[in-house]
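These are my notebook entries on one protein chain. I set down each point as I looked it up.

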Amino acid sequence: VVVHIGNVGHIGDAVLAATQPVAGTPWALVAKADMDEVLAEYRTELLRVAAAIAGLLVGVFGLGFGFWRWQHQRLASAVLRERARFAAVLDNANDPIFFFSAEGRILDLNQRAEEFYGYSRHRLMGKPAGVLRADAGGATDPDHLAAARERGTVMVEARHRLADGTTVPVEISTRRVEIEGDEILISI
């Protein structure tokens, strides 16, 4: 049996041909088939397999994306719940609480601080730490802040001025904390 692949017999078409001598004669039997016909079933099956693999990949990607999205939403929801819980604790505390930058500027304060001092949050934001001190004239208190930064925690007694001009004695507990790489001072 001789197998030949080429353009034998069909004008310009690739064929697969096999020859077999016929016993006892000078003749040979030639069987030819068009290459496209021979490979048609193979190509069809190959396309089916490729489509199945593509579908499987799309499905796996879809499942992976769906799982990632579900995890992301779950974590985002947990973060929102934690923030809400923190805000509720902060704003319902009995004591005024201030957050200061390492440079001594007011970053934030709780609702009780607004109520106690009589100033709005927005009016105090960005002001120096000593703005409420009756004896500091609005300057920062470098010794108190430096001590808190150095030791990590410090407690002082001072006199603060309320929005209506009244002065009151206060005891301030300040602690240094690091939040996302930033040094923050929290005073209660």
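**Entry 1: Ser-101**

Is Ser-101 buried or exposed? I had to keep in mind that the model is a predicted one. I found a relative accessible area of 9% for Ser-101. Buried means under 20%, so Ser-101 is buried. I then located Ser-101 in strand S4, which covers residues 98-101. Setting aside residues up to four places away in sequence, I noted that Ser-101 touches Leu-107, Glu-183 and Leu-185.

**Entry 2: from Ser-101 to Glu-183**

I followed the contact to Glu-183. How far apart are the C-alpha atoms of Glu-183 and Ser-101? I read a separation of 6.9 Å, although their positions lie 82 residues apart along the chain. Glu-183 belongs to strand S8, residues 182-187. Its relative accessibility is 31%, so I entered Glu-183 as partly exposed. Apart from neighbours within four places in sequence, Glu-183 is in contact with Phe-100, Ser-101, Ala-102, Arg-149, Arg-176 and Val-177.

**Entry 3: a patch of negative charge**

Which residues gather with Glu-183 in a patch of negative charge on the surface? I listed Glu-103, Glu-178, Glu-180 and Asp-182 as its companions there. Asp-182 is also a residue of strand S8. Its relative accessibility of 48% makes Asp-182 partly exposed.

Glu-180 required a note of its own. I found Glu-180 in the loop between strand S7 (167-179) and S8. With a relative accessible area of 81%, Glu-180 is exposed. I also recorded that Glu-180 has a positive phi of about 50 degrees, although Glu-180 is not a glycine.

**Entry 4: the chain as a whole**

I next looked at the overall arrangement. How many helices and strands does the chain have? I counted 4 helices and 8 strands. Read from the N terminus, the order of the elements is β-β-β-α-β-β-α-α-α-β-β-β.

The chain has 188 residues, and 22% of them are buried. I took the exposed area of the chain as about 13200 Å², with 59% of it supplied by carbon and sulfur atoms. Of the contacts between residues at least 6 apart in sequence, 29% join residues at least 24 apart.

**Entry 5: salt bridges within helices**

Side chains of opposite charge can pair when their charged atoms come close. How many salt bridges does a search of the whole structure find? The search gave 6.

I began with Glu-45 and Arg-48, whose closest N and O atoms are 3.2 Å apart. Both residues lie in helix H1 (residues 35-91), where they are 3 residues apart, about one turn of the helix. Glu-45 is partly exposed at 40% relative accessibility, and Arg-48 is exposed at 53%.

I then turned to Arg-112 and Glu-115, whose side chains form a salt bridge with an N to O distance of 3.8 Å. This pair lies in helix H2 (residues 111-117), again with 3 residues, or about one turn of the helix, from one partner to the other. Arg-112 is partly exposed, with 27% relative accessibility.

**Entry 6: a salt bridge between elements**

I looked up one further pair, Arg-121 and Asp-108, and found a salt bridge of 2.9 Å from N to O. Why does this pair tie together parts that are 13 residues apart in sequence? Arg-121 is placed in helix H3 (residues 121-124) and Asp-108 in strand S5 (residues 106-109), so the bridge runs between these two elements. I marked Arg-121 as partly exposed at 23% relative accessibility, and Asp-108 as partly exposed at 28%. Both residues also take part in a network of salt bridges that links Asp-91, Asp-108, Glu-114 and Arg-121.

**Entry 7: a nonpolar patch**

Which residues make a nonpolar surface patch of about 360 Å²? I identified Val-22, Trp-27 and Leu-29. I placed Val-22 in the loop between strand S2 (15-21) and strand S3 (28-34). Val-22 has a relative accessibility of 37%, so I entered this residue as partly exposed.

Notes: Residues numbered from 1 in each chain as written. Predicted model: local features only at pLDDT ≥ 70, side-chain atom pairs only at ≥ 80, totals over all residues. Heavy atoms only, no water. Buried < 20%, exposed > 50% of the residue type's maximum accessible area, 1.4 Å probe, protein only. Contact = heavy atoms within 4.5 Å. Patch = residues over 30% accessible without salt bridge, like charges linked within 9 Å, V, L, I, M, F, W, Y side chains within 5 Å. Areas by Shrake-Rupley, 256 points an atom, 1.4 Å probe, with all protein chains shown as cover. Salt bridge = Lys/Arg side-chain N within 4 Å of Asp/Glu carboxyl O. Lys, Arg positive; Asp, Glu negative; His and termini not counted. Charge placed at Lys NZ, Arg CZ, Asp CG, Glu CD.
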